[in-house]
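This report covers strand pairing, the surroundings of the ligand and the ring contacts of one model.

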Amino acid sequence: MERTLVLVKPNGVERGLVGEVVGRFERRGLRLRGMKMLVVDRALAERHYEEHVGKGFFADLVSFITSGPIVAMVVEGPSAVKVVRDMMGATDPVDAMPGTIRGDFALDIGENVVHGSDGVESAKREISLYFAPGELVSA
Ligand code: DAT
Ligand code: MG
């Protein structure tokens with residue numbers, strides 16, 4: 001079993017896609033272990049995306065993720081990191097396959113609707129940024 005962090009980004013919340021995104025994971029058989037709505041502040045955004053500090057898109061990335069409420073969730077299941085990444089599709093929605101979340105609901109790389117952790121270690125780090133241990137339930 002693995003856990004991964006999923007965010008519905010501000011444009012996904014604004015467009016009313018929270019249920020669609022959550023429903024896809026639930027129907028796949030993944031389990032929700034925590035979920036909350038919050039507005040990300042600059043400090044949290046910079047910690048979350050620290051691997052991208054110095055890149056040309058970093059300022060826009062921080063500005064976007066802090067631009068409105070997001071929904072953060074911890075999703076659990078077998079190989080959850082990979083399964084969620086596969087269900088989200090490629091980072092650039094233009095390259096994302098139809099049937100994936102980005103492939104069905106996005107066209108702009110800067111506003112690609114969802115975030116999913118890219119590995120087991122990054123999932124642990126990211127989950128701890130958004131959730132205290134007591135905010136998560138176990139099976
Ligand atoms: P992912 O979200 O698929 O893990 P990433 O970690 O490489 O992708 O980048 C984080 C986010 O930054 C990504 O969801 C959208 C944005 N981003 C990445 N590359 C970009 C680029 N070349 N131009 C604009 N935004 C970009
Ligand atoms: Mg990433």
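In this predicted model, strand β2 (residues 31-38) pairs with β3 in the antiparallel sense, over 7 bridges. Within that pairing, Leu38 has Ile70 of β3 as its bridge partner. Strand β1 (residues 2-8) also pairs with β3 in the antiparallel sense, over 7 bridges. Here Val8 is the residue that stands opposite Val71 in β3.

Strand β3 spans residues 70-77, and 8 of its 8 residues are buried, so the strand is largely enclosed by the rest of the structure. The burial holds for both faces: Ile70, Ala72, Val74 and Glu76 are buried on one side, and Val71, Met73, Val75 and Gly77 are buried on the other.

Ligand 1 is surrounded by Lys9, Tyr49, His52, Phe57, Leu61, Arg85, Thr91, Arg102, Ile109 and Asn112. The table gives distances from a polar side-chain atom (N or O) to an oxygen atom of ligand 1 for residues among them.

| Residue | Distance to an oxygen atom of ligand 1 |
|---|---|
| His52 | 2.9 Å |
| Arg85 | 2.7 Å |
| Arg102 | 3.2 Å |

Taken alone, ligand 1 exposes 520 Å², and the protein buries 75% of that area.

Which residue lies over the face of Phe131? Lys36 takes that position, at 4.7 Å from the ring centre. As for contacts between rings, a search of the whole structure finds 0 aromatic pairs.

Technical notes. Residues numbered from 1 in each chain as written. Chains lettered and ligands numbered in written order. Predicted model: local features only at pLDDT ≥ 70, side-chain atom pairs only at ≥ 80, totals over all residues. Heavy atoms only, no water. Phe/Tyr/Trp six-rings, centres within 6.5 Å; stacked < 30°, edge-to-face > 60°. Lys NZ or Arg CZ within 6 Å of the ring centre and 35° of its normal. Buried < 20%, exposed > 50% of the residue type's maximum accessible area, 1.4 Å probe, protein only. Helix = DSSP H or I, 4+ residues; strand = E, 2+ residues; numbered from the N terminus. Pairing = 2+ DSSP bridges. Near = heavy atom within 4 Å. Polar contact = N/O pair within 3.5 Å; in protein donor to acceptor, adjacent residues only side chain to side chain. Areas by Shrake-Rupley, 256 points an atom, 1.4 Å probe, with all protein chains shown as cover.
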